[in-house]
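User: I am new to this structure. Please walk me through it in short steps.

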Amino acid sequence: MSFLKKSPWVMHYDASSCNGCDIEVLACLTPVYDVERFGIVNTGNPKHADILLITGGVNEQNMNVVRTIYDQMTDPKVVVAIGACAGSGGIFRECYNVHRGVESVIPVDVYVPGCAARPEAIIDAVVRGLGVLEEKAERMKKEPRGGKVKA
Amino acid sequence: MSGPVGALIYVLLAPLVGGMLGGIDRIVSARMQSRMGPPVLQPFYDVLKLLGKRPTVVNHFQNFYVTCFLVFIIVTGAIFFGGGDILLAIFALTVGAIFLVLAAYAPNSPYSNIGAERELLQMMAYEPMLLITAMGMYVVAGSFNVRDIVRFREGLLGYLPAIFLGFLFVLTIKLRKSPFDLSMSHHAHQELVKGLTTELSGPSLAVVEVAHWYENVFLLGFVYLFFAWLGPVIAVAATFAVYLFEMLIDNVYARLTWKFTVRVSWLAAGLLGGVNLLLVFYMFRGRL
């Protein structure tokens, strides 16, 4: 087994969320839920992160930021889209500048429903994300040595 | 422990001890914040995970510098635990730190470069006190060699109380604890605070982590020297107590600015270190 499961470092990005889901993400780090029990650490650096937590429907302005963050994360990596907006654009879906969810910009592995998503659901999503992470790590091992070259 | 045996034990066991200390640090910090905290082996899980990530480098020289950082930190500890010259150990430590600064300067990233600049300022802040500590030990114990300082049976702490306090001061900088974790903090949620390691990822970050374990054990070895006359059991307990104290400081204080750090640590070096050094110099001037 790999150690990815024991030490998933998450990074949180607010892609034009109303802050409802963001507050719930931060709630996971408080003494009540304390995700550090599972080795989950909140980093501010995509290069150190294994799991990207995105809230909000992604708009025209932060679309490229989301892509850059995703590209800077090193493999294996997992994206968790948190909340109704991140899933489909939510209440802002019809807005002229809003993309319809995170998947319109980068591939998403786990969705969390809810407006706002509950902390329990977010923790559950991260744990499910660990399974995907493990799968991706297995696939990475089978690749030829050196892996694919990333720009 | 004599010569090469001590050095070998250090090279083999320091990462284990350092990692465990890191785990204890995280649990104690969590309890201070009324959280449960991670398992004690968490630092090992982190490093093993980082080794499994795909290596991504911004600048290829980075890995060379990071490896040199690890090598020189190991050399530092090997000199120290081998009973060698304490000055030489301090100089090797400086060379190691410089390699980490070079690693942070290598990628053209503003966060990493600011971290490197702050690390240089921190080195400027702690070096004088570190050297004064070594000089104080020399004046009292009559030798720069660690094996002679350990054998000094009259109680180093009794002669060098102020130097010990000054050393604790710079130990906070060296262990990268608040209020002096300017160049790289372990609990950083912003890029700037992650400083030095912003552009390091995967295996190279793991190497930096392991080097920090080695470094922390070396620094606690330095603390041990002050208590060596009490016998190994009490001295190790006292050293651990000092480490717990540093954890408390880490959790109690907010991060300070670099100007304040340099100013206040030079003040500590001048007042606590300088005065104590002058005193012991007059006490032992016949011997010198």
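**The sheet of chain A**

Analyst: This is a predicted model. Chain A holds an open sheet of five strands with parallel pairing. The strand order is 2-1-3-4-5.

User: Which strands of chain A stand at the edges of the sheet?

Analyst: The order across the sheet is 2-1-3-4-5. An edge strand has a single partner strand, so one side of it is left without a neighbour in the sheet. That applies to strand 2 (41-43) and strand 5 (110-112) of chain A.

User: What is the average twist from one strand to the next?

Analyst: The twist is taken from one strand to the next in this open sheet of chain A. It averages 30°.

User: How many bridges join strand 3 and strand 4 of chain A?

Analyst: Strand 3 covers residues 51-55 and strand 4 covers residues 78-82. One facing pair is A:Leu52 and A:Val79. The two strands pair in the parallel sense, and the number of bridges is five.

User: What angle does helix 2 of chain A make with strand 3 of chain A?

Analyst: Helix 2 spans residues 63-72 and packs on the sheet. It touches strand 1, strand 3 and strand 4 of chain A. Its direction and that of strand 3 of chain A make about 165°.

User: Which handedness does the β-α-β unit of strand 3, helix 2 and strand 4 of chain A have?

Analyst: The two strands pair in the parallel sense. With helix 2 of chain A, they make a β-α-β unit. That unit is right-handed.

User: Is strand 3 of chain A mostly covered or mostly uncovered?

Analyst: A:Ile51, A:Leu53 and A:Thr55 point one way from the strand. A:Leu52 and A:Ile54 point the other way, and all are buried. With five of its five residues buried, strand 3 of chain A is mostly covered.

User: Which residue is the bridge partner of A:Thr55 in strand 4 of chain A?

Analyst: Strand 1 of chain A also pairs with strand 3 of chain A, in the parallel sense over five bridges. There, A:Asp14 stands opposite A:Thr55. In strand 4 of chain A, the bridge partner of A:Thr55 is A:Ile82.

**One residue in helix 1**

User: Is A:Val25 buried or exposed?

Analyst: A:Val25 sits in helix 1 of chain A. A residue counts as buried if 20 or more other C-beta atoms lie within 10 Å of its own. A:Val25 has 27 other C-beta atoms within 10 Å, so it is buried.

User: Which residues does A:Val25 touch, not counting those up to four places away in sequence?

Analyst: A:Val25 lies in helix 1 of chain A. Leaving out residues up to four places away in sequence, A:Val25 touches A:His12, A:Leu53, A:Thr55, A:Ile82 and A:Ile122.

**Chain B and the contact**

User: How many helices does chain B have?

Analyst: From the N terminus on, its elements run α-α-α-α-α-α-α-α-α-α-α-α. Strands number zero. The helices come to twelve.

User: What is the radius of gyration of chain B?

Analyst: The globule rule gives 19 Å for 288 residues. The value for chain B is close to that, so chain B is as compact as a globular protein of that length. The radius of gyration is 19 Å.

User: How many residues does chain B give to the contact with chain A?

Analyst: Chain A gives 20 residues. By class, that side has five nonpolar, nine polar and six charged residues. The number from chain B is 26.

How values were computed
Residues are numbered from 1 along each chain as its sequence is written. Chains are lettered from A and ligands numbered from 1 in the order in which they are written. This is a predicted model: local features need pLDDT of at least 70, side-chain atom pairs count only at pLDDT 80 or more; totals for chains, interfaces and linings use all residues. Two residues are in contact if their C-beta atoms, placed from the backbone, lie within 7 Å. Ala, Val, Leu, Ile, Met, Phe, Trp, Tyr, Cys and Pro count as nonpolar, Asp, Glu, Lys and Arg as charged, and the others, Gly among them, as polar. Helices (H or I, at least four residues) and strands (E, at least two) are DSSP runs, numbered from the N terminus. The radius of gyration is taken over C-alpha atoms; the globule rule is 2.2 Å times the number of residues to the power 0.38. Two strands pair if DSSP finds at least two bridges between them. Axes are lines fitted to C-alpha atoms, for helices over the stretch in contact, and angles run from 0 to 180 degrees between N-to-C directions. A residue is buried if 20 or more other C-beta atoms lie within 10 Å of its own, exposed if 12 or fewer, and partly exposed in between; C-beta atoms are placed from the backbone. A crossover is right-handed if, with the strands pointing away from the viewer, the path from the first strand over the helix to the second runs clockwise.
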